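Trainee: I am new to this structure and would be grateful for a close look at a single part of it. Could you please take the place where the two chains meet, and then follow the contacts outward from there?

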Amino acid sequence: MALTREQMAQRVARELQDGFYVNLGIGIPTLVANYIPDGIDVMLQSENGLLGMGRYPSEDELDPDMINAGKETVTARPGAAIFSSAESFAMIRGGHVDLTVLGAFEVDQQGNIASWMIPGKLIKGMGGAMDLVAGADNIICTMTHASKHGESKLLEKCALPLTGAGCINRVLTDLAYLEIKDGAFILKERAPGVSVEEIVEKTAGKLIVPDHVPEMTFDAE
Amino acid sequence: MAGFDKRVASYEEAMEGIESGMTVIAGGFGLCGIPENLIAEIKRRGVNDLTVVSNNCGVDGFGLGILLEDRQISKILASYVGENALFEKQMLNDEIEVVLTPQGTLAEKMRAGGAGIPAFYTATGYGTPIGEGKEVREFNGRHCILEEAIVGDFAIVKGWKADRYGNVIYRHTAQNFNPMAATAGKITVVEVEEIVEPGELEPSQIHTPGIYVDRIIQGTFEKRIEKRTVRS
C-alpha cells in the first residue's frame, strides 16, 4: 500500500533531531509538525519571519498579525522570535536551518528539483522555495512517486523549470524513501506492502537497489 | 512640517507626489501587515503604469489586488501570486509584466536598495529560469548569480506604533517586508495604528529608525485574514 499523507509526515518526522531548527513547506511537510517524536524539541521556522511557530490559535487567540508562511493564522510558542523577512532569509541562506522539508513536482538523479512552475498552466511563484533549497544542506523532498497516470516523478533529468540545481539529497515518496548520491537514486526503504519491482517500474531515473530494502513500519493508530 | 515631525493630516497628503509610471515598494506578506489605506489612496488617485514591488499582490478585491481592477499596475516584482485570480489572468494575458522573484532575493533587493548596495551575489536561483541572463560567479565552490538592488520612488509601509519622529515598531509577523521596504523608498510613507509621544517607544526596540521615514499617518485597519485556521 502506498503511504497516506499522514504516514509520509510520520516517516519524515523520524528524521527530526533534538535541537533542530526546521522549515516545513506547505502541504505534507506541514503535517510533520503533528508527529514530532516525544522527548525531542524542535523549533519550526516560518519564512515570513517567525522562529518557534506554535499551534493554531484558539478563537480567543486568533490574531490577523500572527500568520505563518502559508498565510494561516498561528501562534508563537514560548521561546519564539519574530523578525523581518530579510532576517528570516539570512538564517535560511546562511545555512542556519538544520532541516528543510518541501514538496515537489519532479526531482532528478542529479538532485535537481522542480516545484514551482508548469509552463503555460499554473503560475503561483516560487515563494521562498528557491532560497530554501539553495541555502540548506539538509533537505527532504516529499512527493508522490508517480503521477495519477503512472508517469514517474523521479527522473533522469527534470523536464519542468527548476527550483534549484543539485540541492536535493533525500526524497520521501508515497512508495519509498530514497537518497540521491553521485547521479543516482538509492532505494533505502519501501512503503509497507510495496514491492521493489513496483518502485523500479515507477522510477525513471537511475535507481540503485541494495540487496536488502527494509519495509517501513508504522504504529497502528 | 517642522523639524522632525513627520506627521501628515490626511491620506491625500500622505501620497502627495505619486505619479503614473513610478515604482512603489510595498510592505506586507499576503494580507498581513499591508498598508491598506495607502493602497486605497493610490487607487483613489487613479495613477497608472505603476511598477509595484511586493511579495504578493493581495487578493481579489483587497490589498494590492484593488489596483489590478483599474489596470493601475503595469509591472510587478513578487514571489508568489497563487491566491489572486485577477493577477493570474492579467499575467497569462500579458497585460501585466511579472518578474517572479525568490522571496529572500526580494527581501535582500529591498534591503540592499536601502543600504546603498547596488547588487549582491546569491546562490538562490542559480540553474533556474531566474538565473538566466544574469552574471554568474563562483564563490567557495558555489555558483552564484548577481542580483540588483531595488529603490522605489515611494515605499508604503504598515507599522503598529510610531512617534512623530518616524520611529516605527511592527506587531508580530506583520513586520515581514515592512522594515526593508521602509529603507528603500525615495519617499517612505508609514501608516500606523497609533502615534505615540516621543519617548514612549523604547529606543532599543525601534525596528525602523525615523531617518528612513518621510511621512507618518495614523489610520484604522480592516486587517482581513487570508486563511483563518483555529484549533478545535
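Mentor: What follows is an account of the interface between the chains, and then of the side-chain contacts in the rest of the structure. Please bear in mind throughout that this is a predicted model.

Let us begin with the extent of the interface. On one side, 45 residues of chain A take part, and they are in contact with 49 residues of chain B. Together the two chains bury about 4000 Å² between them, and 59% of that area falls on carbon and sulfur atoms. Within the area that chain A buries against chain B, Asp65(A), Lys71(A) and Ile123(A) supply 20%, more than any other three residues.

The polar side of the interface can be counted as well. Between chain A and chain B there are 28 residue pairs in polar contact, with both residues at pLDDT 80 or more. The elements that give two or more residues to the side of chain A that touches chain B are H3 and H4 of chain A. Of these, H3(A) gives the most, with four residues.

Helix H3(A) therefore deserves a closer look, since it gives the most to that side of chain A, and the helix runs over residues 85-93. Its buried residues are Ser85(A), Ala86(A), Ser88(A), Phe89(A), Met91(A) and Ile92(A). Their cover is drawn from both chains. From chain A it includes strand S1 (21-24), strand S2 (43-46), strand S3 (50-53) and helix H4 (129-135). From chain B it includes helix H5 (103-115) and helix H6 (178-183). At the start of H3(A), a side-chain oxygen of Ser84(A) comes to within 3.4 Å of the backbone nitrogen of Ala86(A). Just after the helix, Gly95(A) adopts a positive phi of about 75 degrees.

We may now turn to the charged pairs. Over all chains, the structure contains 27 salt bridges, and five salt bridges are counted between chain A and chain B. One salt bridge across the interface brings together the side chains of Arg171(B) and Asp63(A), at 2.6 Å from N to O. Arg171(B) has a further neighbour in its own chain, for it lies over the face of Trp160(B), at 5.9 Å from the ring centre. In chain A there is a similar arrangement to examine: Arg14(A) lies over the face of Phe218(A), at 4.9 Å from the ring centre.

Other salt bridges lie within chain B. The side chains of Arg224(B) and Glu222(B) meet in one, at 2.8 Å from N to O. Arg224(B) is partly exposed, at 32% relative accessibility, and Glu222(B) is also partly exposed, with a relative accessible area of 46%. Salt bridges that share partners also build a network, which joins Asp63(A), Asp65(A), Lys158(B), Arg171(B), Glu193(B) and Lys223(B). Asp65(A) has thus been met before, as one of the three residues that supply 20% of the area chain A buries against chain B.

Another pair in chain B is Lys43(B) and Glu69(B), whose closest N and O atoms are 3.2 Å apart. Lys43(B) belongs to helix H2 (residues 36-45) and Glu69(B) to helix H3 (residues 65-69) of chain B, so this salt bridge ties together parts that are 26 residues apart in sequence. Lys43(B) is partly exposed at 24% relative accessibility, and Glu69(B) is partly exposed at 40%.

The salt bridge of Glu147(B) with Lys109(B) has its closest N and O atoms 3.4 Å apart. It links distant parts of the chain, with Glu147(B) in strand S7 (residues 142-148) and Lys109(B) in helix H5 of chain B, 38 residues apart. Glu147(B) is buried, with a relative accessible area of 2%, and Lys109(B) counts as buried at 10%. Helix H5 of chain B is also among the elements that cover the buried residues of H3(A).

Finally, there are the aromatic rings, which form two aromatic pairs over all chains. In the pair of Phe4(B) and Tyr165(B), the ring centres are 6.4 Å apart and the planes stand at 50 degrees, so the pair is tilted. The two residues are 161 residues apart: Phe4(B) is in the segment before helix H1 (11-14) of chain B, and Tyr165(B) is in the loop between strand S9 (161-163) and strand S10 (168-169). Phe4(B) is exposed, with a relative accessible area of 58%, whereas Tyr165(B) is partly exposed at 35%.

Key: Residues are numbered from 1 along each chain as its sequence is written. Chains are lettered from A and ligands numbered from 1 in the order in which they are written. This is a predicted model: local features need pLDDT of at least 70, side-chain atom pairs count only at pLDDT 80 or more; totals for chains, interfaces and linings use all residues. Side-chain values use heavy atoms; hydrogens and water are left out. Buried means under 20% relative accessible area, exposed over 50%, partly exposed in between (1.4 Å probe, protein chains only). Contact means heavy atoms within 4.5 Å. A polar contact is a pair of N or O atoms within 3.5 Å; within protein, one must be able to donate a hydrogen and the other to accept it, and residues adjacent in sequence count only if both atoms are side-chain atoms. Rings of Phe, Tyr and Trp (its six-membered ring) pair if their centres lie within 6.5 Å; planes under 30 degrees apart count as stacked, over 60 as edge-to-face and the rest as tilted. A charge sits over a ring if NZ of Lys or CZ of Arg is within 6 Å of the ring centre and within 35 degrees of the ring normal. Buried area is the accessible area (1.4 Å probe) that two parts lose on being put together, summed over both. A salt bridge is a side-chain nitrogen of Lys or Arg within 4 Å of a carboxyl oxygen of Asp or Glu.
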